[in-house]
Amino acid sequence: MKQGLNSKCSKSRILEVSNVSGAAEVTEIGMSDSATGVVDMTEGPVTGHILRFALPMLLGYLFQQFYSMVDTIIVGKYLGVHALAGVGSTGAISFMIIGFCTGICAGFCIPVAQCFGAGDHVKMRKYIANAAWISAAFAVVLTVMVCALTGRILHIMDTQPDIYDFAYDYIFIVFAGIPATILYNLASSIIRSLGDSKTPVYFLLLSSAVNIVLDLVTIAVFGMGVEGAAYATVFSQLVSGILCTVYMYKKFAIIHFSGSEASVDGKCIKRLVLMGVPMGLQYTITAVGSVILQTAVNGLGYMAVAAVTAGSKIRLFFCTPYDALGGTMATFAGQNAGAMKPERVKEGVIKATVIGFIYSAAGIVLMLILGDLLCGLFVDGNETVIISMAKYFLIVDACFGFFLTMVNVYRFAMQGMGYSGFAMIAGILEMIGRSAVAFALVPVMGFTAACYAAPLAWIFADIFLVPACLKCISKLRSGYVNV
């Protein structure tokens with residue numbers, strides 16, 4: 001949609017969208033309003049905005065992975081290697097479904113960030129309301145459908161008989177908690193789209209503590225098995241979602257609905273679906289490759305599965321800075337695209353990439369020094385072969401961290417500018433990379449090949465993402481905003 005550059009009015013920008021009736025609301029917004037908690041990222045030092053936004057997100061991601069690691073550590077230590085392998089074998093399918101939920105919620109909030117950056121609060125509130133309606137519908141449909149298909153999916157993935165029951169008991173409960181997952185991700189995404197990356201972290205810290213306590217109580221005290229870890233995870237997510245929603249409504253006056261703003265709007269829903277579903281599918285398509293790879297790894301036996309499980313958990317922990325940079329670029333690019341500032345978007349992409357490269361170099365050193373110690377957290381110290389395999393898995397990943405930096409920064413910048421479809425193409429390329437390893441290399445090279453699946457997927461995605469992102473910025477320069 002072609003957009004004209006609008007004049008500024010008391011630091012506000014008005015985004016006149018051709019398919020929306022009614023005048024945009026003009027409100028004065030500074031770079032940061034302590035009274036409302038919102039942060040305008042269209043003005044001020046780019047690096048400062050990126051770091052201030054990314055650091056709280058990083059803390060949140062770290063704690064998310066921390067209590068996920070606690071689940072795995074407790075399962076491995078108290079319930080044994082087979083239970084650990086069972087839970088770990090569900091990682092790919094969990095990412096496929098939960099990733100879709102996360103993606104659609106993030107996509108629903110891209111128009112929110114763009115309208116906030118443009119100063120159009122009326123349209124912003126309409127998007128928020130309709131995002132809530134669509135999310136509720138997705139929550140019901142996905143929960144029923146996925147829970148009904150859980151057993152069949154595990155069989156298709158060639159989950160071994162000695163770990164099947166552990167896998168089913170754990171993942172079924174996690175899938176039953178999809179509404180809690182969607183609630184948290186939607187609420188936190190809305191808050192972040194307004195420039196506040198701190199608040200979701202505070203509630204996540206609280207729920208992390210709840211999760212850890214429940215893990216110990218349900219498994220170590222009541223002997224509930226892997227079900228206890230699953231219940232703890234779902235309940236903790238529900239707590240975060242409820243707290244974020246209540247806080248958001250009380251804190252941000254600019255999202256209080258009036259008149260018909262909270263009613264169902266067909267045009268808003270269409271735009272939200274066009275933004276959210278491709279982002280959700282991006283995660284799902286990427287995960288399909290992971291499912292195919294996991295299926296190949298499952299056929300290598302429980303030791304390979306346990307090693308990949310431990311390595312993957314640690315990898316997720318050390319990949320949180322890349323995730324934080326990606327989430328930051330979605331909001332930063334969204335607000336600045338709405339404000340028609342293409343050069344600022346480009347500057348943000350470059351500076352976020354440099355930050356990621358610096359961390360990547362440090363990550364290689366950390367994996368070489370701490371690999372054995374970290375892998376030993378998940379399995380008994382006597383399982384030296386599994387620990388050695390997991391460390392090798394981590395070192396390979398760390399050496400290719402530069403490519404993961406570009407995947408996150410460029411992909412999320414494009415999403416922020418409104419090009420979810422392009423980001424989905426990158427997901428398809430990642431799927432191709434992982435699938436190629438699973439079908440062609442794992443049968444020949446075994447576990448070693450599995451270690452190179454993710455790096456190859458990142459390289460495939462980057463070949464497309466870098467030029468595509470530059471093209472999107474070029475379109476923004478010409479006055480085109482995908483809103």
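Which helix is M96 found in? Keep that question in mind while you get your bearings. The model in your viewer is predicted.

**The whole chain**

Start with everything shown as a cartoon. The protein chain holds 18 helices and 2 strands. Of its 483 residues, 58% are buried. About 18000 Å² of the chain is exposed, and carbon and sulfur atoms supply 70% of that area. Now think about how the chain folds back on itself: among contacts between residues at least 6 apart in sequence, 82% join residues at least 24 apart. Several of the stops below show you such pairs.

**Stop 1: M96**

Select M96, and you will land in helix α3, which covers residues 91-108. M96 has a relative accessible area of 14%, and because buried means under 20%, M96 counts as buried. Next, add V291 to your selection. M96 and V291 lie 195 residues apart along the chain, yet their C-alpha atoms are separated by 7.9 Å. Leaving aside neighbours within four places in sequence, M96 is in contact with T284, A287, V288 and V291.

**Stop 2: helix α4**

Move along to residues 110-118, which form helix α4. How many of the residues of α4 are buried? The answer is 9 of the 9, so this helix is largely enclosed by the rest of the structure. To see them, select I110, P111, V112, A113, Q114, C115, F116, G117 and A118. Then click on G119, which follows α4 and has a positive phi, near 85°.

**Stop 3: N130**

Now pick N130, which sits in helix α5 (residues 121-156). Its relative accessibility is 0%, so N130 counts as buried. Show the side chain of N130 and look for D265: the side chain reaches the backbone nitrogen of D265 at 2.8 Å. Beyond the neighbours within four places in sequence, N130 is in contact with S263, V264, D265, C268, I269 and L272.

**Stop 4: two helices side by side**

Select helix α10 (residues 266-298) together with helix α15 (residues 401-416). Two packed helices are described by the angle between their axes and the distance between the axes. Here the axes come within 11 Å and cross at roughly 160°. That angle makes α10 roughly antiparallel to α15. Which residues of α10 and α15 meet? On the α10 side, select M275, M279, Q282, Y283 and T286; on the α15 side, select R411, F412 and Q415. Colour these residues by type, and you will find 4 nonpolar, 3 polar and 1 charged.

**Stop 5: S312**

Go to S312 in helix α11, residues 302-318. Is S312 buried or exposed? With a relative accessible area of 18%, S312 is buried. Add F393 and draw a distance between the two C-alpha atoms: S312 and F393 are 8.3 Å apart in space, although 81 residues apart in sequence.

**Stop 6: M340**

Finish in a loop. M340 is found between α12 (320-338) and α13 (342-375). M340 is buried, with a relative accessible area of 12%. There is one more thing to check here, the backbone. Most residues other than glycine have a negative phi. The phi of M340 is near 60°, a positive value in a residue other than glycine. For a last look, go back to G119, where phi is also positive, near 85°.

Definitions and conventions:
Residues numbered from 1 in each chain as written. Predicted model: local features only at pLDDT ≥ 70, side-chain atom pairs only at ≥ 80, totals over all residues. Heavy atoms only, no water. Helix = DSSP H or I, 4+ residues; strand = E, 2+ residues; numbered from the N terminus. Buried < 20%, exposed > 50% of the residue type's maximum accessible area, 1.4 Å probe, protein only. Contact = heavy atoms within 4.5 Å. Areas by Shrake-Rupley, 256 points an atom, 1.4 Å probe, with all protein chains shown as cover. Polar contact = N/O pair within 3.5 Å; in protein donor to acceptor, adjacent residues only side chain to side chain. Axes fitted to C-alpha atoms, helices over the stretch in contact; angles between N-to-C directions. Parallel < 35°, antiparallel > 145°, perpendicular 65-115°, else oblique. Nonpolar A, V, L, I, M, F, W, Y, C, P; charged D, E, K, R; others polar.
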